[in-house]
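Welcome, and please open the model in your viewer. We will go from stop to stop, with something to select at each one.

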Amino acid sequence: MRDTCEACGAPTPEGGLAFICSYECTWCSGCADGFPRRACPNCGGDLQVRPTRAA
């Protein structure tokens, strides 16, 4: 998983709130909230809350 937002460079630590598209573009919640229809600006896909990995 990517550890920074692709738009602003903010950290997106594992277990923290971040959003991804099907291509795993990664966005912090502040940037994702600003995208029209909360769609990925790279591919236009829906952004979903990034899942966490099992320990």
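## First stop: a glycine before the sheet

Select Gly-9, which is partly exposed at a relative accessible area of 41%; here buried means under 20% relative accessible area, exposed over 50%, and partly exposed in between, with a 1.4 Å probe and protein chains only. Gly-9 sits in the segment before S1. Now add Asp-33 to the selection: 24 residues separate the pair along the chain, and their C-alpha atoms are 15 Å apart.

A word on the model before we go on. It is predicted, so to speak of local features a pLDDT of at least 70 is needed, side-chain atom pairs count only at pLDDT 80 or more, and totals for chains, interfaces and linings use all residues. Residues are numbered from 1 along each chain as its sequence is written, and side-chain values use heavy atoms, with hydrogens and water left out.

## Zoom out: the whole chain

Switch to a cartoon view. What order do the elements run in from the N terminus on? The order is β-β-α-β, made up of one helix and three strands; helices (H or I, at least four residues) and strands (E, at least two) are DSSP runs, numbered from the N terminus. The radius of gyration of the protein is 10 Å, close to the 10 Å that the globule rule gives for 55 residues, so the protein is as compact as a globular protein of that length. That radius is taken over C-alpha atoms, and the rule is 2.2 Å times the number of residues to the power 0.38. Along the principal axes, the C-alpha atoms fill a box of roughly 35 × 20 × 15 Å.

Turn on a surface if you like. About 3,600 Å² of the protein is exposed, with carbon and sulfur atoms supplying 50% of it; accessible areas come from the Shrake-Rupley method with a 1.4 Å probe, and for residues only the protein chains shown count as cover. Of the 55 residues, 33% are buried.

## Select the strands

Pick residues 18-20, which are strand S1. How many bridges join S1 and S2? Three bridges do, and the pairing is antiparallel; two strands pair if DSSP finds at least two bridges between them. Within this pair, Ala-18 stands opposite Cys-28 in S2.

Add the third strand, and you have an open sheet in the order S2-S1-S3, with antiparallel pairing. Strand S2 (26-28) and strand S3 (48-49) are at the edges with a single partner strand each, so one side of each has no neighbour in the sheet.

## Back to the segment before S1

Select Thr-12, in the segment before S1. Is Thr-12 buried or exposed? Thr-12 is buried, with a relative accessible area of 2%. Show what surrounds this residue: leaving aside neighbours within four places in sequence, Thr-12 is in contact (heavy atoms within 4.5 Å) with Arg-2, Asp-3, Thr-4, Cys-5, Ala-18, Thr-26, Cys-28 and Arg-50. For Thr-26, the C-alpha to C-alpha distance from Thr-12 is 8.2 Å, at 14 residues apart in sequence.

Cys-8 is also in the segment before S1. At 46% relative accessibility, Cys-8 counts as partly exposed. Which residues does Cys-8 touch, not counting those up to four places away in sequence? The answer is Cys-28 and Cys-31. Draw a distance from Cys-8 to Cys-31, C-alpha to C-alpha, and you should read 7.5 Å, across 23 residues in sequence.

## Two loop residues with positive phi

Next, select Glu-24 in the loop between S1 and S2. Its phi is near 70°, a positive value in a residue other than glycine. Glu-24 counts as partly exposed, at 48% relative accessibility.

Finish at Arg-37, in the loop between helix H1 (29-34) and S3. Arg-37 has a positive phi of about 60° although it is not a glycine. With 72% relative accessibility, Arg-37 counts as exposed.
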